[in-house]
Amino acid sequence: MDIHSKDSSHDHSSISKQGEVVIITVPFPCHSHLNQLLHLSCLISSSYNIPVHYATTSTHLRQVKHRFNDTTHLQNSQLHFHEFPTPDFLSPSPTPNPSNKFPTHLQPSFDSSIHLRQPMAALLQNISATARKVIVIHDVMMAYVVQDIANVPNAKSYAFTATCSFSSFFDWWQMMGKPLLEKPPPKGLPSIEGCYPTELLNLVARSIDFLKFTTGHIYNSCKSIEDILKVGLPVNTWEQREETVTSSTIAKVVQNLIASKKGEEIRKRAEELGASTRQAVEEGGVSRMELDSFIAHITSHLNQLLHLSCLISSSYNIPVHYATASTHLRQAKHRFNNKTHLQNSQLHFHEFPTPDFVSPSPTPNPSTKFPTHLQPSFESSIHLRQPMAVLLQSIFATARKVIVIHDVLMAYAVQDIANVPNAESYAFSPTSPFSSFFDWWQMKGKPSLEKPPPKGLPSIEGCFSTEILHLIALQIDFLKFTTGYIYNSCRSVEGTYIDLIANDQFNRNKLIWSIGPLNLGADYDRRNSNTPKDKCLEWLDKQAPKSVLYVSFGTTTTMTDEEIKELATGLEQSEQKFIWVFREADKGDIFTGEVTKEKLPEGFEERVKEVGMVVRDWAPQVEILGHPSTGGFMSHCGWNSCFESITMGVPIAAWPMHSDQPKNAFLVTDILKVGLPVKTWEQRDEIVTSSTIAKAVQKLIASKEGEEIRKRAEELGASTRQAVEEGGVSRMELDSFIAHITSSFLSCFLYGEASIISVKHFFVQTVREGKNYPDALAKRRVEELEQLVI
């Protein structure tokens, strides 16, 4: 059969243009089923800007469109319709005076759906050829029709159930012979007898075998509807189905429902339930969060891992191989703040050929702060799977054990570790445990916690683009191969949230280490070295202690012309000293094309030259923060920047832009209380005025409140720096990780007594010196390993 598509040229160009995730919805040819999946198609295509292809027969497409209650939604450019030729089927009129209420006259229409398998397979192949990922949402009754999804490597299917969860479960339970339940079924539960004709049950049975290909199930229901509802009354019970309902019974029921006290009570319950159900689909509602979570499921880091590579290779004398695309390796080395560490003989670099990707300039005056111009660069990472697999096999051939530490967003690229018998992988998270936990919690629909979340916790709304959520979702299935997680954080800063992550169901049986700060050792104490001093540091040398505000919004932020004008005016009005790193956001490849020079208000630099310095290229951030003249940091609150500022004891003026930054800002200002807000996430659509900026700067740098914030920041900075010193909480965590990955040295049969003695000496000495362990888990790890060697 041929595929007939409404405006098919538009369909295919949109697929090619999108090149991302494409959804196909496949309804069952029964009106209520057709209607529900069309509503879902409209919702996803309009709210999430994802192409959705609604595919059914021409007859049923015409029917569902004809009866749809808001035809304006059908004009959405992201919604595409595919009309398959209608298979021949009988279409008799309903049986008059039927003995059975099931609409058996529709059975030929239902049965005809099985003939859609071939055109559905052709549509799948067509769309999968141009889309990175294809998601098929099909009616549970159409599993047979979409079975060929098993042959499409970049496709997944999800079964949509158009009936309520209650009836779906108990119908299935009765069909399965009523197996034992933890709780007894509701008293008076209707029997399944007489509900379905044999013909329909045969059609159901045909689909069951193919439901094994589905990744998950979607229900048109709501979690706020949790119990038997009691929002109605019976006219006729299922036990009375053979009886005719008399007119007097009908009259009494109507009177009871409309004009009685009992009816009023029922109506009140119905209204309350209706209100909570409508609320469920609003922003922050339980069903909206479920849908957000589903969409997320289907859809700075270079620097931190390079620091970790240097630390392990130099401090523990273990060979480390740092592997990435040649473009990004060049970038990481170019910006690394201590290039002498890169000369370590145990540190090896592997440059994979850079996959072709578009490297556009940042969008000027963007409507959203997420750096969508970097998306092609991010997505190119998925093409590193093959060279990564080759590198794994090469190292595996000569090493007794291979440990892969990969960014959480590179789980897909290293998935072939599952085929390497002597290899283990550990996911490295360059974001804070606080934001990692609560972003994930919100994506999952805010399940119940032992303790309520912090009051005022920022919403996840607007933090991430749909495209980056797709890339995140691509990693999730492959994170199951990881043995544990490593965080660039510190228990003295985020111990509570590290424990929350460890106890999360997704991370059960996973080990967690928190080993930060990683970027230490580049602070201002290097001013006595023989290396040339950066112009920023020379300028800072001339300023009074704690008098200068450092202003930088990272490598991915693009500000509008209006924001730049207000910020410049606010800094000038504050009358405080400042260094402002004012540069274009990074492109995907920072070495291609010209860098656009952003424009400041006319005459600004001349007017502020005695109090401020504008830097238009890369600045040594850690050294600036570590300089005694630096008294505050106005930041976008990327975790690198936050943690560097915390480590150096510098308070933060928080101005979050996207991603994890809103929660990082909240952690800094509301939890740790080492900063103050310039702009909260709730104000993200507002322009921060120059007067607001001036007041925030004055408060942070030159007020009693600012002094108190700075004092807390300095105290926290001292404890954070201490954490990575010998015996510190993070150093112990890193020692624990190294001991864990090298623990198989404890085998005298393979490697001899010398190895056992060296490891035994380390652990016995650690225990005898009575060092403070970060927690009971860390202490238990050491004690267990000590028992192995004694």
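Start with the whole protein chain: buried residues make up 48% of its 790 residues. Buried means under 20% relative accessible area, exposed means over 50%, and partly exposed lies in between (1.4 Å probe, protein chains only). The model is predicted: local features need pLDDT of at least 70, side-chain atom pairs count only at pLDDT 80 or more, and totals for chains, interfaces and linings use all residues. Residues are numbered from 1 along each chain as its sequence is written, and side-chain values use heavy atoms, with hydrogens and water left out.

**Whole chain**

Switch to a cartoon view. The protein chain has 28 helices and 19 strands. Helices (H or I, at least four residues) and strands (E, at least two) are DSSP runs, numbered from the N terminus. Now show the surface. The accessible surface comes to about 38,600 Å², and 52% of that belongs to carbon and sulfur atoms. Accessible areas come from the Shrake-Rupley method with a 1.4 Å probe; for residues, only the protein chains shown count as cover.

**Stop 1: helix α26**

Select residues 729–741. This is helix α26, with 13 residues. The expected span of a helix is 1.5 Å times one less than its number of residues. For α26 that gives 18 Å, and the end C-alpha atoms are 19 Å apart, which agrees. Of its 13 residues, 11 are buried, so the helix is mostly covered. Among the buried residues are Val729, Met732, Glu733, Leu734, Phe737 and Ile741. Keep Glu733 selected.

**Stop 2: from Glu733 to Arg491**

Add Arg491. Arg491 forms a salt bridge with Glu733, and the closest N and O atoms are 3.9 Å apart. A salt bridge is a side-chain nitrogen of Lys or Arg within 4 Å of a carboxyl oxygen of Asp or Glu. Arg491 lies in helix α17 (residues 491–503) and Glu733 in helix α26, so the pair ties together parts that are 242 residues apart in sequence. Both Arg491 and Glu733 are buried.

**Stop 3: Arg616 and Glu605**

Jump to Arg616. Its salt bridge partner is Glu605, with the closest N and O atoms 3.2 Å apart. Arg616 sits in the loop between β16 (612–615) and α21 (621–626), and Glu605 sits in helix α20 (residues 604–607), so the pair ties together parts that are 11 residues apart in sequence. Arg616 is partly exposed at 27% relative accessibility. Glu605 is partly exposed too, with a relative accessible area of 38%. Go back to Arg491 and add Asp499: salt bridges that share partners join Arg491, Asp499 and Glu733 into one network.

**Stop 4: Arg117 and Asp148**

By the same rule, the count comes to 14 salt bridges. One of them joins Arg117 and Asp148, with the closest N and O atoms 2.8 Å apart. The pair links distant parts of the chain: Arg117 is in helix α5 (residues 117–128), while Asp148 is in the loop between β5 (133–139) and β6 (155–161), 31 residues apart. Arg117 is partly exposed, with a relative accessible area of 29%. Asp148 counts as buried at 15% relative accessibility.

**Stop 5: helix α6 and its surroundings**

Select Asp171, found in helix α6 (residues 165–175). Asp171 is buried yet has no salt bridge. Which side chain of opposite charge is nearest to Asp171? Lys178 is, at 11 Å. In this comparison Lys and Arg count as positive and Asp and Glu as negative; His and the chain ends are not counted. Asp171 touches Ile192 and Tyr196, not counting residues up to four places away in sequence. Contact means heavy atoms within 4.5 Å.

Next, select Trp172, Met175, Met176, Tyr196, Leu201 and Ile208. They make a nonpolar surface patch of about 540 Å². The elements that give two or more residues to the nonpolar patch are α6 and α7 (198–208). Patches are made of residues with over 30% relative accessible area and no salt bridge: like charges are joined within 9 Å, nonpolar side chains (Val, Leu, Ile, Met, Phe, Trp, Tyr) within 5 Å. Met175 lies in helix α6 and counts as partly exposed at 38% relative accessibility.

**Stop 6: backbone checks**

Most residues other than glycine have a negative phi, and most peptide bonds are trans. Select Gly516 and Pro517. A cis peptide bond joins them, with omega about 5°. Pro517 is in the loop between β13 (511–514) and α18 (535–541).

Move to Asn49. Its phi is positive, near 55°, and it lies in the loop between α2 (31–47) and β3 (52–57).

Finish at Lys230. Its phi is also positive, about 55°. Lys230 lies in the loop between β7 (214–219) and α8 (247–258) and is exposed, with a relative accessible area of 58%.
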